[in-house]
Each structure stands twice: as structure tokens, then as C-alpha cells.
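Reader: I have a model open and want to learn how to read it. Please show me.

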Amino acid sequence: MSQDDTTRRKAPVARSAPDLKVEDGPKGISRRGLFAAGAAAGVSSMALAAGRKAEAASHDDGAMTWHYEADVVVLGAGCTGLPAAIRANDLGASVLVIDQNFDAGGRMLHSGSWVSLGGGDPVQERDRAGESDAEGFITVGAQVPEGALEDSVDLLFRDVTDWSIVDQQGYGYYRFNNPDQHRGWAENCPATRQFMMDNYIRFTRINGTHFGGGVSRARAAYCFLNLGPVTDIKAGTITAEDAGVADPERSSPMCPVQQSIGASEANPMSVRGGGIMSRCLEYSAREKGVRFMFNRKMTELIQDDNGAVIGVKAVYTPRFDPETGAQLHSLWSAGNIEETRETIYIRARRGVVVGTGGHAGNPHFRSQFYPRMNEPWFPTSGWALLGEDGRAADASGIIAGIKVGASLDGLHQNLGRRTYHIATRLGVRDAYTSMYPGHPTFPFRKAAGFSIGQAGFEHLVAVNQMGQRFFNEMRLGDEPLDPRYPGGITTGTPDSWDEHNVADWRNCRSAWIREMYDYSAGVDAAIQINEGSTAPDYYSGPIWAIFDEAAVERGQFPLRPPFVSTENGCFFKADTLEELAEMIYDGNPYQRVRPYHLVDTIATWNGYVDDGVDPDFERGQADAPMHRIDRPPYYAAAIMVVWHDSYGGLRLNRHCQVLDMEGRPIPGLYAGGEASGGGQMHGLGRATVHGYIAGTQVVKGGIIGETAR
Ligand SMILES: Cc1cc2nc3c(=O)[nH]c(=O)nc-3n(C[C@H](O)[C@H](O)[C@H](O)COP(=O)(O)OP(=O)(O)OC[C@H]3O[C@@H](n4cnc5c(N)ncnc54)[C@H](O)[C@@H]3O)c2cc1C
């Protein structure tokens, strides 16, 4: 049993605010049933202490007015926030979750739902025993050898702190991980897997490990539901429409990304993805009485005289459909508090959990790690869903933490697995993610974009804001892989999984690094200073795929709605290259200069095609066939550099307490997921466990000022 699990048996906190319980509907209650049940249960009433006065806070000369009060205030209804909220609620605390967006889920809603945990977690054990899940939904057999599922907390901990593992760019991948934080993380992986299963998450078979999850064992499984006539999270079904699999060109309000068929990991009628993961957790949270306030952004953490965090300042941040002007609302409303005042203060009696995600969408913040990534045109993944510039992964939780004295951790780990890379989906700014019409945030991106894969770059040349080529297009999207199970040269680990020795010097011997080294600097070339970059920022500007009608036919590019739009600044079509250059300049707000060289660049390229060699970037017929660009009309489609995950953030101990510059916990302040640093570990596994730990510890910590902490 993990340390954080010990509090499970007792509920130390008496609820001080009235509960809102969504009635359990009859078996088979649909999601619309939850919606209706919530409304019938009086969702609009203020279950929390609205308008209550609290004692003066030290940061203010006068009396502090608190507009709301809860035992635990969770910032962000995403992958850290939802588990934290459910866990704290399970332990008896009243919980208010605020989110700057109009709906729950954060980047988790967009994700692939591949959750890497381990340490002998219940899904590893289930698969190892060759059993199905409790409901018998899983009909396929184990996906990995039995031995690859034999895991322990100690092995997991050693794996994720293994100094000897390097990735394909020779970077020490796990050696910089914060050991105390990772010990706590590893100890709580088995309990978190069970906790998620207790909250409506069904896991597929384990079929590998996500990056950051270690190289010794298989630890990752997807979240799934079965396709059925109704969406019924309790029964484990979702309609094809809600899952986004009914129409290849539509998403749904429930799942912005079309969910994937899980035939090889669960059964042929199963669908898996982040929409499912997120909605299951959200459903459970609402059902258990967690309260939500959307359109509400934390802008400040508030401390008392002793430096304890006792609440937050939060501002109203509604979102409106850019085409109709209609306000966007959450899919479900049970437990929502509608609050439209511009600024409010919320008191947290036991503490605040920062689950606000990362900094990848904040060009100023992220350029601390890579100065050339200051170009604001390049967004983070999930930009449209999260709310565009200044909202999507904007580092607000980290910055608020810094202002109350928090220290940071793992700042350089962004440079490990190069989380910024070139996307192979063209013609849309939010190029890492797929989304079709049907989700309310589609109008922010206006197009799905069209994915051409790395091979599709054969049909185009890539140019910078000046219209100049800058790299071999066939290598532009190359990304070094990360070391993880099942090992082997492509993931930077020398041996197959069962031969791998943890913390063995041979894993990083020079000869091995020379053998497996694979780093392509396409993204670095794309963001470099060019003729159009000017002081003081030297912005690199957008980059463009340039191609002609012959390429469209060869590559079968779907240049029609919903794949492209002439209104999102990412796609242009013209009869001449001169005209195309003008359209780019006029039509893209970040194109600060005319692409002066475009016509010459294409003429030069056509000469290289005739000669069969590209002396500038050594792209030749050996890479892929070379094609002239000379059959009008001509096209320009945005190629995006995307900063995906965030590594580096608030420094945590094993209890997910945020540490100050002296290494002491800041009373009342907890964090996790991408708002935290010190872990070279992707996404969901990291965030869910942090949420589970933080939700536990914030309740264990007691009332601020009343309990020794
Ligand atoms: C397309 C895609 C696919 C992915 N696939 C996987 C996968 O298969 N496996 C995996 O492990 N990981 C995956 N990830 C990564 C994973 O989704 C994230 O790492 C994870 O969701 C991070 O959790 P978080 O709680 O830190 O942030 P989030 O889940 O993003 O939640 C943060 C929430 O905080 C809110 N917020 C931000 N600032 C404030 C503020 N100041 N006040 C109030 N609210 C605020 C945001 O609106 C958001 O709802 C994927 C991500 C994407 C985009």
C-alpha cells in the first residue's frame, strides 16, 4: 500500500458546505440524463459559501472579502485537476474546481489516453494473469510477454531515475529526474490505476510504455468504452456519434478528437482516446458532488501572514464562437456554478492544487529554454481547444507559484525529448491535433488541416518567411525517439527489454551513442534568424509548404473544407507565384515581411529537379522523387512548429507539495502535471498520479492555521 493510500480508510474532514449530489439515475442513465439530473437537483444553487466573509488576509490592508469558500480549490479541470478533485472529495473535503476554459478536460480531452503507470499496477497484474476486465469487455489476449508485466515499485523507481539511459540525441534522459518526487510517484502508481478504475475508467490491455515510463517493463494502456446505442458511462458504452467515429469528417462536443477503434487492445467494438478518459473522470467527479466554475482563470495565489496559500484571485474569462458570437458552455452542467463577476476571491481552507498545465503556449516563458522558440505564431498543441494565445498552456500556474516564492525544477528537460517539432499536418495552426466540425472550438482553427506524413514532403518545398528554403524537406519532420520499453536501437536503448540492465554504464558508452545517434536539425533550421528577422526579437516568422496542382494530384491532398480554409491565414491558392507571395503577406498576421525570394527559390528548385541533385540541402532522388513546381495553380500551406509538452515547472516533493527556494513546502500549495517540473515524463501517467497524491495530501494537511503542517 502506498503512503498516500493510508488515508483512504478514514475521512478526516467533516463537510462544511452543503453537498450537491447528482442522483444516481436508473441503470443506463445517459449523459443527457446526467445533464438533466443535475439540473433537476438544483445545480444553479450555491452549494459553497458564496459571499461569505473571511478574516483579513495579510496581503491586504483592509478586510478580505471572499466570494466563495471550499476546503480544497483545484485550479484546472484537466488531467491533474480532475483526479485531485475526486480524491479530495472522496476523503470528505468540499472541492471547487475552477478552469479558465468553458469545459472540462484540458489537454487530456485531446489526448490519446495512453496512460503509463506500472510498479505492479492492477492492469499489469490482470494482463499477466491472462484475465479479462471486470465487465468482460476485453476479448483480446495479452499484448506483451508475461515477463514484461512483472513489475515492482522499486524497479519502476529505478527505471525512471536511471542515470545510464540516453536518447537518440545522446541526452541523459532519466538522470535529471527529481528522485524524491519520482519515489512518491512510483509508490502511488498502483493505487492511482485502481482509483481511476474505481471512477469509471476502463483500461485496455497494456501494449508498451509511454516516453518517460522506463525501458524495463510494459506499463501503458488506453482508456476505452464500447460502442453502443446510448452513451452511458456507468454501463461503459458510447455512441458512434459521441465518439466521433460515425462520420470521418465530424468530431463531437464530447470528443474533439475522433476516438480510435481499440480492436487490437480491447475488442473490435471498443473505442479509445482522451475524450473517453476525460469524460469518465468528469462524470464521476460531478456525480460525487465536486463543484465546477468554468470561464474562471486564477491570476493570483493569496497567502496569509505565515506564507500559507489560503486562496486565489480569479477573473472571468468567457469564450465566444468567433463566427456566431454565441457564448460557449460546458457539455455537462451538473455541479456548475455560474458566476460572471469580473474578479472574485476564493478561499481554500485546506489548500490549493495547481493543475493548470504547462508553459508550452507562452513564447516568453518557453524561450527561456530555447530562445528561438519566441515566435508567437507557433502554438502549443491543443491551442484551439484550450483557448488560443494567452490561454493555452500559458504558464499562469507556474508564474503564480513563482510569485509566492516557489522554486522551479527540471528547466532544461524540455530539451530532452525535443518536445518542439515540425508537424506533418499542414494548413492549420493547431497542427498537432486533429479536430473536425462538431466540436464547439472548431471555428477557432477553421480547418482540420491535412496530414501528409513525412513521405508527403516529397511533393513540396518548405520556405521561411522570406520565401527561402532552409533544410532538406524529407528530413524536416524527423524526431529523435525516446528511450522506453520495448527498447532497441530506435529508442536509444541497446538491448531488447529482457536483456536491459538498469543503471549499467554500457547503456551510455560512447560507441553505443555513436551507433544509435540520430538527430535531425530541421526544426532548429526552421526557427533560425533569417533575412526577415529584425531586432529586438529576431522572429523567425511562419514557414510555408509551396506546391502546385500536379502535387495535389500526386499526393491526393484534400484541398477542400473541412481540411483547409482560406480564412485561417494558413492556406492560399493563386495562379502565379508572385500572386501567392502577396497573398501570404496580406493573409497571415505573423508574416511581417514579403516573401521576396519565393519566385527565385522555385526557379532554382526546378533547375535542381532537372539536374537530379539539390546542392543546397543534399536532397536527391535517393531521398524521394524530386518534382518540378510549375503547374498552376500554386499553393501555400502553413507548416507548423509545435511545442507539445512542457517540462520544467514548480518544484515538488513526493507529496506534491510545492517547495520554496529553501526547499521547504509552501503551506497550502500543491501542484502536479505539466505545471510541475523535475520529471522527464510524458503526460497522463505523470499528471493523474500527481493529482491523486495532491488530492490526498491536501486533505491530510488539515485546515490551514489549525493543524501543524
Ligand atoms: C493531442 C495530444 C495527445 C496526447 N496524448 C497523450 C497520451 O496518449 N498519453 C499521455 O500520457 N499524454 C498524452 N498527452 C499529454 C497529456 O494530455 C498532458 O500531458 C496532460 O493532459 C497534462 O495534464 P495537466 O493536468 O498538467 O494539464 P491539462 O490536462 O491540460 O489541464 C490543465 C487545465 O488547466 C486549465 N487552466 C490553465 N491555466 C489556468 C488558470 N490560470 N486558471 C484556471 N484554469 C487554468 C486549462 O484550461 C486546462 O483545462 C497528449 C496531449 C495532446 C495535446
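Author: We take a strand, a ligand shell and a single residue in turn. This is a predicted model, in which local features need pLDDT of at least 70, side-chain atom pairs count only at pLDDT 80 or more, and totals for chains, interfaces and linings use all residues. Residues are numbered from 1 along each chain as its sequence is written.

Reader: Is strand β5 buried or exposed, and how is that judged?

Author: Count neighbours. A residue is buried if 20 or more other C-beta atoms lie within 10 Å of its own, exposed if 12 or fewer, and partly exposed in between, with C-beta atoms placed from the backbone. Strands (E, at least two residues) and helices (H or I, at least four) are DSSP runs, numbered from the N terminus. Strand β5 covers residues 220-227, and 8 of its 8 residues are buried, so the rest of the structure largely encloses it.

Reader: Which strand pairs with β5 in the parallel sense?

Author: Look for bridges. Two strands pair if DSSP finds at least two bridges between them. Strand β6 (residues 237-238) runs parallel to β5, joined by 2 bridges. There, Leu-227 has Ile-238 as its bridge partner.

Reader: Which strands run antiparallel to β5?

Author: Take them in chain order. Strand β3 (residues 115-116) pairs with β5 in the antiparallel sense over 2 bridges. Val-115 has Ala-221 as its partner in β5. Strand β4 (residues 203-208) is antiparallel to β5, with 3 bridges. Here Gly-208 stands opposite Ala-220. Strand β8 (residues 270-272) also pairs with β5 in the antiparallel sense, over 3 bridges. In β8, Val-271 is the bridge partner of Leu-225.

Reader: Now the ligand. Which residues come nearest?

Author: Use a distance cut-off. A residue is near a molecule if its C-beta atom, placed from the backbone, lies within 6 Å of it. There are 41 residues around the ligand, and Gly-76, Gly-78, Gly-106, Gly-673 and Gly-683 come nearest.

Reader: Which element gives the most to that shell?

Author: Helix α17 does, with 4 residues. β10 (296-303), α10 (396-403) and α17 (683-700) each supply at least two.

Reader: How many shell residues are nonpolar, polar or charged?

Author: The shell has 12 nonpolar, 24 polar and 5 charged residues. Ala, Val, Leu, Ile, Met, Phe, Trp, Tyr, Cys and Pro count as nonpolar, Asp, Glu, Lys and Arg as charged, and the others, Gly among them, as polar.

Reader: Last, where does Asp-524 lie?

Author: Asp-524 lies in helix α13 (residues 522-526). Asp-524 counts as partly exposed because it has 16 C-beta neighbours inside 10 Å. Its C-alpha atom is 9.8 Å from that of Tyr-370, and the two residues are 154 apart along the chain.
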